[in-house]
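I am opening a fresh notebook page for this one. Come along and look things up with me.

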Amino acid sequence: MADTATAAAAAAASAANASTDAPPFQLGKPRFQQTSFYGRFRHFLDIIDPRTLFVTERRLREAVQLLEDYKHGTLRPGVTNEQLWSAQKIKQAILHPDTNEKIFMPFRMSGYIPFGTPIVVGLLLPNQTLASTVFWQWLNQSHNACVNYANRNATKPSPASKFIQGYLGAVISAVSIAVGLNVLVQKANKFTPATRLLVQRFVPFPAVASANICNVVLMRYGELEEGIDVLDGDGNLVGSSKIAARHALLETALTRVVLPMPILVLPPIVMSMLEKSKRPS
């Protein structure tokens, strides 16, 4: 019955969208094709779109109700695919998919750039003191931990101790490496002041990358002991594998190292090039 109602709603939406460019709406599915890089790129842009931070409570309720009407086949005439995709985008950006509770604004994926950018700027500030180094590394890892917890998989409850363990491990490793490297650079007498400043600008990257690896290992080490579910091409469970868990952990750790590179490695390089170009010849 539910499938029939959904099919009817889909047919009504398709009829209303004969003249639009929006693809046919699919509840719970990505709007853009995930078989190409461009489609995945546009899907990711949708997820981090900061405009959803300004959605009102009334607009959120309307979006949720529109999706419920579509699900139960009671969609009003004239609703377009564009309206349905927009409603789903709003709901997914604001509400947790498992609990349906609102995610605190700074910890939403759509808030990661506007709330995370000031932290990145703080990490890259030149001539930092010991206190400022500790503060920005702590703030960065605290923000990451809150984002991870707010967007966690809530279908399988995990003890709070696991998140605390991962958070403390990330903070300790990030602060230790950042402070340690800064101290080593300061004591390196062979470096000229310009070289010392350049090296210090790259310190945030190894600190953040190592903290990310530490966080992944501490949060998911249980998978190495118990294994993870393995599915066939049709999505059917075929068993549990420790080898698959090891591969998944390694790939996730590698991703956590690569992702910060554009924002923590490129700016120091660009700043160094700009400073050289400004020097009198």
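**Entry 1: the cores.** I began with a term: a nonpolar core is a set of buried Ala, Val, Leu, Ile, Met, Phe, Trp, Tyr and Cys residues joined through side-chain atoms within 4.5 Å. I keep in mind that the model is a predicted one. With that term in hand, I looked up the largest nonpolar core and found 16 residues in it. Phe25, Leu66, Leu75, Leu84 and Ile94 have the most contacts inside this core. I then noted that α3 (57–71) and α4 (81–94) each supply at least two of its residues. The largest share, six residues, comes from α4. There is also a second, separate core of nine residues, and Leu124, Phe205, Ala209 and Leu264 are among them.

**Entry 2: the whole chain.** I stepped back to see the overall layout. I counted 12 helices and two strands in the chain. Reading from the N terminus, I passed nine helices in a row, then both strands, then three more helices. The chain has 281 residues, and 32% of them are buried. I also checked contacts between residues at least 6 apart in sequence: 69% of these join residues at least 24 apart.

**Entry 3: helix α4.** I went back to α4, the helix that gives the largest core its largest share. α4 has 14 residues and reaches 20 Å from its first C-alpha to its last, close to the 20 Å expected at 1.5 Å a residue. Which residues of α4 are buried? I listed Asn81, Leu84, Trp85, Ala87, Gln88, Ile90, Ala93 and Ile94. Two names on that list, Leu84 and Ile94, I had already met among the residues with the most contacts inside the largest core.

**Entry 4: the record and helix α7.** I turned to the UniProt record next. Its unreviewed entry places the feature "transmembrane region" at residues 166–185, 197–218 and 257–274. I compared two of these spans with the model. Residues 166–185 are 100% helix and 0% strand, with end C-alpha atoms 28 Å apart. Residues 257–274 are 83% helix and 0% strand, and their end C-alpha atoms lie 26 Å apart.

Then I checked α7 (residues 160–187) for its span. Its 28 residues should span 40 Å at 1.5 Å a residue, and the end C-alpha atoms are 41 Å apart, so the two agree. The buried residues of α7 include Phe163, Gly166, Gly169, Ala170 and Asn182. What covers the buried residues of α7? I found α6 (130–150), α8 (193–201) and α9 (204–226) among the elements that do.

**Entry 5: empty space.** Rolling a probe the size of a water molecule over the atoms shows where empty space is left. I looked up the largest pocket and wrote down about 1,800 Å³ of space. It is lined by 45 residues, and Asn144, Asn148, Asn215, Thr252 and Arg256 lie nearest its centre. The elements that each supply at least two lining residues are α5 (112–123), α6, α7, α9, β1 (228–231), α10 (242–258) and α11 (261–264). α9 gives the most to this lining, with nine residues.

I looked for cavities too. The largest cavity has a volume of about 160 Å³. Of the 15 residues that line it, Leu123, Leu125, Gln128, Asn182 and Gln200 are the closest to its centre. Two or more lining residues come from each of α6, α7 and α8. The largest share, three residues, is from α6.

**Entry 6: two asparagines.** Most residues other than glycine have a negative phi, and most peptide bonds are trans. I therefore marked the positive phi of Asn100, which is near 60°. Asn100 sits in the loop between α4 and α5. It is partly exposed, with a relative accessible area of 48%. Asn127 also has a positive phi, near 50°. I found Asn127 in the loop between α5 and α6, and it is exposed at 62% relative accessible area.

**Entry 7: Leu198.** Last, I visited Leu198, which is found in helix α8. Buried or exposed, or in between? Leu198 is partly exposed, with a relative accessible area of 29%. Leaving out residues up to four places away in sequence, Leu198 touches Pro268 and Ser272. Leu198 and Ser272 are 74 residues apart in sequence, yet 7.1 Å apart in space, C-alpha to C-alpha.

Technical notes:
Residues are numbered from 1 along each chain as its sequence is written. This is a predicted model: local features need pLDDT of at least 70, side-chain atom pairs count only at pLDDT 80 or more; totals for chains, interfaces and linings use all residues. Side-chain values use heavy atoms; hydrogens and water are left out. UniProt positions are given in the numbering used here, feature names are shortened, and annotations may be inferred rather than shown by experiment. Helices (H or I, at least four residues) and strands (E, at least two) are DSSP runs, numbered from the N terminus. The expected span of a helix is 1.5 Å times one less than its number of residues. Buried means under 20% relative accessible area, exposed over 50%, partly exposed in between (1.4 Å probe, protein chains only). Contact means heavy atoms within 4.5 Å. On a 1 Å grid over the protein atoms alone, a cavity is a set of points where a 1.4 Å probe fits but cannot get out, and a pocket is an open set with protein on both sides within 12 Å along at least five of seven lines; lining residues have an atom within 4 Å of a point. Grid points are joined across faces, edges and corners, and a volume is the space filled by probe spheres set on the points.
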